[in-house]
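Reader: I am in my first year and still learning to read models. Please take me through a single part, slowly enough that I can follow.

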Amino acid sequence: MHSGWRSWSFWPPQPHVYYGLTHRPDLSSFVALTAAPDINRNAPLRVTFLGVSTLLFDDGSTAILLDGFFTRPNSRQLFLEKISPDKTIIKNSLQRAGIDKLAAVIVNHSHYDHAMDAPEVAAQTGAVLVGSESTANVGRGWGLPEANIAARRPGDIMTFGRFTW
C-alpha cells in the first residue's frame with residue numbers, strides 16, 4: 001500500500017476540511033453587481049438566473065420561478081445541523097430580484113436544493129407550488145394551503161398565463 005495513503009485520516013477532520021465546513025466565502029464584494037441591462041426591454045420573455053438552479057421566467061404579465069432556492073446552507077450546516085428555509089433571506093432575495101407576485105413556483109425534483117425554500121417562496125408571492133407528490137408533501141409540511149399546491153403527474157399539462165408546463 002502507498003505510504004501516503006496510510007497517513008491520510010478522515011477523522012479528526014484535516015484543517016482544510018474543517019475550514020471548508022465552518023467558513024462561508026465572503027461574497028460582500030459582489031452585492032453591488034447587477035444583471036446586465038436589457039438590450040430590448042420590450043422582449044416578449046425575460047429569463048433571469050438567480051443562482052444554483054433558480055430561474056425566473058417573466059413575460060411581462062405572468063412570472064413563474066423554477067426551483068426557488070435562496071437559503072443555501074453551508075456545508076457544516078448540511079452535515080451537522082437541521083436545515084430549514086430562512087424566511088428573511090428568502091424575503092430579501094425576492095425583493096432584490098424585484099419579485100412580489102408569482103403565478104407558480106415549479107420544482108423540478110425534491111432534493112433540498114430545489115424544494116426546501118419553494119413553499120415559503122410560494123407563500124410570500126401567492127404562487128402555486130408545482131411539483132411531484134414529494135414536493136407537494138414538502139409544501140404541506142411547511143403549512144402551505146392545499147389550494148396553493150399542485151402535484152404534477154407525467155402527462156399533466158398546466159397553464160399559468162401564457163406559460164404551459
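Author: Here is a close look at one helix, followed by the strands and loops with unusual backbone angles.

This is a predicted model, so local features need pLDDT of at least 70, side-chain atom pairs count only at pLDDT 80 or more, and totals for chains, interfaces and linings use all residues. Residues are numbered from 1 along each chain as its sequence is written, and side-chain values use heavy atoms, with hydrogens and water left out.

Start with helix H6, residues 118-125. Helices (H or I, at least four residues) and strands (E, at least two) are DSSP runs, numbered from the N terminus. Is H6 enclosed or open? Six of its eight residues are buried, so the rest of the structure largely encloses H6. Buried means under 20% relative accessible area, exposed means over 50%, and partly exposed lies in between (1.4 Å probe, protein chains only). The buried ones are Ala118, Pro119, Glu120, Val121, Ala122 and Thr125. What covers them? The cover includes strands E3 (63-66), E4 (104-106) and E5 (128-131). It also includes helices H4 (87-96), H5 (112-115) and H7 (133-142).

Now take threonine 125, which sits in H6. Its relative accessibility is 6%, so threonine 125 counts as buried. Its side chain reaches the backbone oxygen of valine 121 at 2.8 Å. Leaving aside neighbours within four places in sequence, threonine 125 is in contact (heavy atoms within 4.5 Å) with Leu94, Ile99, Asp100, Lys101 and Leu102. Glycine 126 follows H6, and its phi is positive, near 75°.

That angle leads to other parts of the chain. Most residues other than glycine have a negative phi. Valine 52 is not a glycine, yet its phi is positive, about 50°. Valine 52 lies in the loop between strand E1 (46-49) and strand E2 (55-58). At 47% relative accessibility, it counts as partly exposed. Aspartate 67 also has a positive phi, near 50°. Its place is the loop between E3 and helix H3 (75-80). Aspartate 67 is buried, at 1% relative accessible area.

Finally, the strands. Two strands pair if DSSP finds at least two bridges between them. E1 and E2 run antiparallel, joined by four bridges. Valine 47 stands opposite phenylalanine 57 in E2. Five residues separate the strands of this hairpin, where glycine 51 has a positive phi near 105°. E2 and E3 also pair antiparallel, over four bridges. Here leucine 55 stands opposite leucine 66 in E3.

Key: A polar contact is a pair of N or O atoms within 3.5 Å; within protein, one must be able to donate a hydrogen and the other to accept it, and residues adjacent in sequence count only if both atoms are side-chain atoms.
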